Every structure is written in structure tokens, then in C-alpha cells.
Amino acid sequence: MTLADPTPADPTPEETKACCAAAYSSDVVAMLLGDSYHPGGLALTRHLADQLRLTPGARVLDVATGPGRSALMFAQEHDSNVCGVDLSPGNVASARAAAAAAGLEERVEFTVADAERLPYNAQSFDAVVCECALCTFPDKAAAAAELARVLRPGGRVAISDVTADPAGLPDELCSLAARVACVADARPLAGYARILVDAGLEVVLTERHDDAMSRMLEQIEARLNVARMIARPRAEEVGIDFDRVGPVLDAARAAVDRGVLGYGLVVAARPAGGARAGRIAGGRA
Amino acid sequence: MVDSAKRDRDEVFLEYTKSICPVCKVVVDAQVNVRDDKVYLRKRCREHGTFEALVYGDARMYLDAMRFNKPGTIPLTFQTEVVDGCPSDCGLCPEHKQHACLGIIEVNTGCNLDCPICFADSGHQPDGYSITVEQCAKMLDVFVASEGEAEVVMFSGGEPTIHRDILAMIDLAQARPIKSVNLNTNGIRLASDRRFVAALGERDRLPGRSVNVYLQFDGFDERTHREIRGRDLREIKRRALDNCAEAGLTVTLVAAVERGLNDHELGAIIGFGLEHPAVRSVAFQPVTHSGRHVQFDPLTRLTNSDIVHGIVEQLPEWFRADDFFPVPCCFPTCRSITYLLSQGSPGTDDFAVVPIPRLLQVEDYLDYVSNRVVPDYSVREALEKLWSASAFMGTDTITEKLTAAAGALDCADACGVNLPEAVAELSERAFMIVIQDFQDPYTLNVKQLMKCCVEEITPDGRLIPFCAYNSVGYREQVREQMSGVAVADVVPNATPLQPVLSDSPYGSKVAGGHRPERAGIAPDRTNVGRSVR
């Protein structure tokens, strides 16, 4: 989504990461998506949680938790003890406030942390979740290794993410801003599965949820239309180029229709025996 | 050779429920089936045979609606007791599942029109009734006793604007804890009596109170007017709307929609509404085949999903079917609503329209089956008020709740463009589209009736679910009590019933030849208290 392009063309990985965190708590992307937005909404998060085999009291880590809505849901609906991490201090503050408002401070805690250097001991979680975030991490292998490290043997990790076939993506969707909005560095579903396998996990489920991506594009378009209706000058000041919005969204929709852009769910387990080499055990791709 | 292979039924059995015989109004068992992706209700009366009617034109939409079903709220008081069971004990009896979101007071049976289509069977009739101001006060008190603080009361008829005390009755409502008054009218008086319109405008401006106009408005073709209203009212509607705009009144255009007559005008009505300064909402109601109406086929009647698909076909640039969400306070298949934000006039360059459900995930809040927890309870509460039978544009409640719902956009502090604030500002220009299929003696499903939240307030102090009032015999009972003139039970003017129909004095149809003594309302044949041996 090349709607704003606040940084140079060839950022370093560190710049990208900082930019991602900033963007996810900054004006434009927040306006487009809402802070906590990820495709599929609560329904897909529930479905994801159902794949984790959570038992009451389970310890769950939510990586890139945003303002913590999913984390709170795991606590409320699965009686989990949840740690949420996010790179943005603003998000973490919002998440803490939400936990306090829901009376869940005892069971949910939020910490500013980097997915590539998680501040937790090895094998300290029963389940790990990462929604709509892995695609924005520049070093996906390092992040996946961290997810695997903190997971106990037999535990499960679930990621949902934007899926994209890099060869098939049109140019409009490939800049840094698009990366921040989860497109340009997204992988095909099998690519995410491979990243988890390479981290020593066994993939137990892959599912496509491309409708969720279509719905997200519609929501972005609707919000942009409202912004244009009532606050066009201000929106342009913060970097929204309304003339480019239409073509970018059209390109994204066409890419979804062609199957090169979408959304997906991958669930993987850490082998109970501590085996190092993972494998893909059949899925529904 | 005998074909011994077993065959499958051509339908999926979905529900077992109760209904009434459309001819004798006796309560009978009924079943709901899905056939050819459509939903049908079928029932059998021992005396009059089998009846079947289309109740939802899109089976998937019907099933999907079930999630949007809110736990009912218990009213402060009930007016009747459970004796014979639903729908014979109205109402409200303690088995009723929902309080009254909307109370209706019919102030008269007389009307300055004699429309070929009128569920109230009203017109220039010498033997009807009008309620007195004292009776109105008592009826309002019953409503308030049941509701505490009520959202909205609707004055209807007949034609309420020809009741000489209608303004006094509005004053009575405004003096009670009832936030809003809705005036259901054909617009004839509004078109010609600007002092009356101004008097409504004054009452609309009282702090914490509002008066809104529910204007019968069926379309733009002359044929539509002649066949539904019996005369060409187009100029009268235009003048009525302009007078309302001048007085600052908010208007809902209410279209009775009949298949093959004006169902091609859905898009044009919405477009007109968006353009007219007085209009803030449109309500589409498939013609209710209670009371007086032209002959129809129950198997091809219009339903809510047909209206949704019709709107989408006629305005594909603006709408998709999933922009409409079922209303959770009543039974969710009874009513669907969407809201729009718009700018400019349709057809001009700067025109833009955004259905509000595309801005947020309505199902995350109003799907009561999936969601044990919701992201934000204040947003759910706001959406509950917006997706409600008590929602009328022009009321403080709706303006306030549109603003609150903007909180779901979830970026209040982060946005360079403060989208929630912007949407809140836009709520002044928000537009509502309501689709409501009222039940008739053919389609009546007791399951839906038990959660009805639109109630007729009767002069004898009952709150009777609207569709029970029109279908089961209560309307005839009340008219008979009030006028002292015997009133036979009205029977739908359905094609399969033609052999047994004869004319009532009011233009509706009754079962021909005999008029059985009324053995109470809707005697029950489904549970006769006998064991099998």
C-alpha cells in the first residue's frame, strides 16, 4: 500500500524495523487499519486460538501484540496467562491500560521488546502467537528461532500473516511503505511454513484466509473515503496521496483475485523429543 | 417393474414451530424448510388444508442471521398472564422474550385516503373509532410503566394527522419519559398545512425530545402511486417533504414494496433520500399481506433478502449485500439495517458514500453467539442502539450512538486525521436504511413473534406485538370493542384462498359465507391436552 513513503529507498534492516514499529503506531497506518487491526478480525483470532490446544492457566506469548486485544481475548476466553510484547512503547501503554480496564492485570502483562531478542527464558511458554507481523520483520529466521526457543517441547506456535507470491506482485505494492503495511516482504504460505520448519518446528496446519485480505482492503478503502470526505487537506498533510490510493488498492485487489496476495494461518508444534530438524506434516494449503 | 429405490425429500427441514391457519386463525403446528436456497414456512389446518409461504428469499442469509440474536430484556411490567400460550395471550405476557423497543398508538381508523394496500384496513369509513386524549394518556402510561424510560412512541392510524387532538397527544408523550415521537403519515396534511408542520417543528426542538416524520413514500412511477395508494400523490409528497425541510423536521421515507410493482424503485428512493435535505433514512417494507392488499402469491412474495439483493442490483456502486446487518433486538430475520456516511448529491462529482459497516467489524460486536468477549463494550452498546427497532434518525440517541460507534475505529489518539472525530461530525449527515418484513397470517412464525419488540399499545392497556396485532385477530378484536360494530377476522387476499374469500366492508377479505363465533383469540389446536390413548 504505497500511500505514504517516509523513508529512503534502501533502508537497513534496523531502519526498517524502527520504521515498522513507528508506522504501526503512527498516523497513516493507524488511520488506515486501526491500531489493532489485522485481517480476519476477532473471528480469525478465535480460530487461531482454537488450534493452540490451550488448557486453563496455559502460558501464552503474543508477539507484536499491538494494543493487546488478542492477548486479552486469550486470557478471557481460554483462561490463559499471557505475555504480550511489542516494539512500540505507545502500544504497550495502551495494552496495559486495556488490561487494567478489563481487570486482567494479574493474568496479562505487556513488555516493550523485539521479536528477534525476546526477554524470556527458553521453553517458558505453552503457546506462541504472532498475528500479521512476521511479514514485517526483516530477519524472519531470527524471529522464528526466538519463537521456537521460548516454546516448550510439545507447545504450539500459530502465525497468521499476509501471504504474497513475490514474483507475482505488481510494482505498486513493493516499496518500504508497502512492507510496513505487510505486503512487499510477505511470503507465500509455504514460505512461512518453511521458516518455521527451519527453526526446528513441525508444521501441523496451513490454511488460506484470502477473504480476510479482501475485507481489509475494503476497510482501508472505506476509511480513506471518509478521510477524503471530511479532512482531505489534513490527510494530504500527513502523507496520503489520494490520487495514488485508487490504483494501489485496485492493484492489491487484482493481486488477491489472482491468488498472489492473500492471508494465511500456519500452526506448528515444537517436537516433544527436542528433535532439531523440523518437517512439514501435511496441511491444508 | 416397481422402482424400489428410496428418494430424498426436495427440502431441508429447519425448524418446527407454531403458526396460525390464515383462514380460521386457529393455532397450528408449522415447519420451516429450505428448498432451492429459499426458506418456506408450511402448516396444516385440519379444516382448511395446507398453506405454504416464502419467508426468506436467501437461505444462507437466513441461517447466517441467527448469530445476530441478542438476549432479550425483561420489561418492567407485563400486562397479561400466560393462559393459552403464544400467540393467544397478548400481551405482553411473561413468556415474551423482549421489551418494547417501539410502541405504536393508532389514534384512529379513519383516513383521508382509501389505499388499495393498507394493513390497518383504514379509510373513509363511517363505523371506525378515534381514541380520546384521555385514552391516549392511559396508553402512554401503560407504555412508560412497562419501559421506564422509553426510546420512542409512534403515532399511527388510520391517518393520525387528521385526528383533531394529535398535537395534544404528542404533547402528552413529550411530557412523559419518552425520548422521541414518530408521526406515521401519508403527508397530505403536511403538504398543505404549514402551521401544523411548524407546530411539529417546535416540538422537535424541545430539549431532550424530538418529533420525526415517518412518511409513506412508495416511489416515483405514477403506476406505483395508483396501484398502492389509489391516486397520484407525487406532488403532495414533494410539498410535504419541502415543508418538513423548512421546519427542520427529520423524515424517514417509508416504502411499501410489492413484487413487480415498485421493487425496481429501491435505488431511486435511496438516491432521492440522500439528496433531499429533510430525509435522513429510508425504510423498505415488503407489503404486509394483512388487512387490505391486492391479490398475491404467498410463494413468490417479497422478503428482506429480496430487498437487500434488489438494492445491491440497482446500486452496485454503493452497496453489497453484506453491508446490511440483521437487527439483534428482535428476531434477527425480521429486520436488517445499514448506515451510510455520504457527501454531496448523487450524480455530482463530489458525491461519495461509505456504508458504515465497511469501516468496522460489526460482527465482532453484534454476533452474540461467537463473541464471549467483545473488543469494547461501549461500542457494542452503541451498535445495539443503532441496530435496533427503536433507531430513528433525528433522535439524540442515534446521533450520540453514531459518535460512540466511531470509537470502534480504534485510532483516536494516533490519527493525524482524527477519523473517529471526523465520523462523529459526519453523523450529522449519516443516513439509515431499514428493511423490515412484517409477518402476515401466512408467514407468521411464533418463534419470531415471541421476541417481537414493536408493540401496538391498545386502549385497554395491552402491548401487542405488531405482527400478532395484524395477523392473529387482535386488530379486529380491538376495533370491534372500540367501535361497537362487529368485525370479522381478515383473511389474506392470497391466490390459493380465492375460492373461500369474500369482501369485507372495508375492502379487505374475509372467509366467505359464514362467520364463526369468535372463540377467543387464536384457539390452539397444537396442544389439546390429550394423551395418545
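In the predicted model, residues of helix 9 of chain A, namely Asp210(A), Met213(A), Ser214(A), Leu217(A), Ile220(A), Glu221(A), Leu224(A), Arg228(A) and Arg232(A), meet Phe242(A), Val245(A), Leu249(A), Ala252(A), Arg253(A) and Val256(A) of helix 10 of chain A. Two packed helices are described by the angle between their axes and the distance between the axes. For helix 9 and helix 10 (residues 242-257) of chain A, the packing angle is about 170° and the axes lie 10 Å apart. Because angles over 145 degrees count as roughly antiparallel, helix 9 and helix 10 of chain A are therefore roughly antiparallel to each other.

Helix 9 of chain A, which spans residues 210-237, departs from a straight course: its 28 residues place the end C-alpha atoms only 33 Å apart, whereas a straight helix would reach 40 Å at 1.5 Å a residue. A bend of about 115° is located at Ala231(A) in this helix, and a proline, Pro233(A), follows within four residues.

Chain A as a whole contains ten helices and seven strands. Of its 285 residues, 54% are buried. Among the contacts in chain A with a separation of 6 or more, 80% are between residues 24 or more positions apart.

An open sheet of seven strands is formed in chain A, with the order 3-2-1-4-5-7-6 and mixed pairing. Strand 3 (108-112) and strand 6 (202-208) of chain A occupy the edges; each has a single partner strand, so one side of each is left without a neighbour in the sheet. On average, and with direction ignored, neighbouring strands of this sheet are turned by 15° against each other. At one end of the strand order, strand 2 (residues 81-86) of chain A pairs with strand 3 of chain A in the parallel sense over five bridges, and Val82(A) stands opposite Val108(A) in strand 3 of chain A. Helix 5 (residues 89-101) of chain A packs on the sheet and touches both strand 2 and strand 3 of chain A. The direction of helix 5 makes about 170° with that of strand 3 of chain A.

Chain A also has a backbone feature of note in the loop between helix 3 (41-50) and strand 1 (59-63), where Arg53(A) is found. Most residues other than glycine have a negative phi, and most peptide bonds are trans. Arg53(A), in contrast, has a positive phi near 55°. With 14 C-beta neighbours inside 10 Å, Arg53(A) counts as partly exposed.

In chain B, strands 2, 3 and 4 are linked in succession by antiparallel pairing. Strand 2 (residues 27-35) of chain B pairs with strand 3 of chain B over six bridges, and Arg35(B) stands opposite Lys38(B) in strand 3 of chain B. The hairpin of these two strands has two residues between them, of which Asp36(B) takes a positive phi near 50°. Strand 3 of chain B is joined in turn to strand 4 (residues 49-56) of chain B by seven bridges, with Glu52(B) in strand 4 as the bridge partner of Arg42(B). Three residues form the connection in the hairpin from strand 3 to strand 4 of chain B. Strand 3 (residues 38-45) of chain B is mostly covered, with six of its eight residues buried.

A positive phi also occurs at Lys25(B), with a value near 65°. Lys25(B) lies in the loop between strand 1 (12-20) and strand 2 of chain B. This residue is buried, with 27 other C-beta atoms within 10 Å.

Two cis peptide bonds are described here for chain B. One joins Cys86(B) and Pro87(B), with omega about 5°; the other runs from Gly91(B) to Leu92(B), with omega near -15°. Pro87(B) is placed in the loop between helix 1 (59-65) and strand 5 (102-106) of chain B, and Leu92(B) is likewise found in the loop between helix 1 and strand 5.

A three-stranded open sheet in chain B has the order 17-19-18 and antiparallel pairing. Strand 17 (490-491) and strand 18 (501-503) of chain B are its edge strands, each pairing on one side only. Strand 17 of chain B is joined to strand 19 (residues 509-511) of chain B by two bridges, and Val491(B) stands opposite Lys509(B) in strand 19.

Technical notes:
Residues are numbered from 1 along each chain as its sequence is written. Chains are lettered from A and ligands numbered from 1 in the order in which they are written. This is a predicted model: local features need pLDDT of at least 70, side-chain atom pairs count only at pLDDT 80 or more; totals for chains, interfaces and linings use all residues. Two strands pair if DSSP finds at least two bridges between them. Axes are lines fitted to C-alpha atoms, for helices over the stretch in contact, and angles run from 0 to 180 degrees between N-to-C directions. Two residues are in contact if their C-beta atoms, placed from the backbone, lie within 7 Å. A residue is buried if 20 or more other C-beta atoms lie within 10 Å of its own, exposed if 12 or fewer, and partly exposed in between; C-beta atoms are placed from the backbone. The expected span of a helix is 1.5 Å times one less than its number of residues. The bend at a residue is the angle between axes fitted to the seven residues ending there and the seven starting there. Angles under 35 degrees count as roughly parallel, over 145 as roughly antiparallel, 65 to 115 as roughly perpendicular and the rest as oblique.
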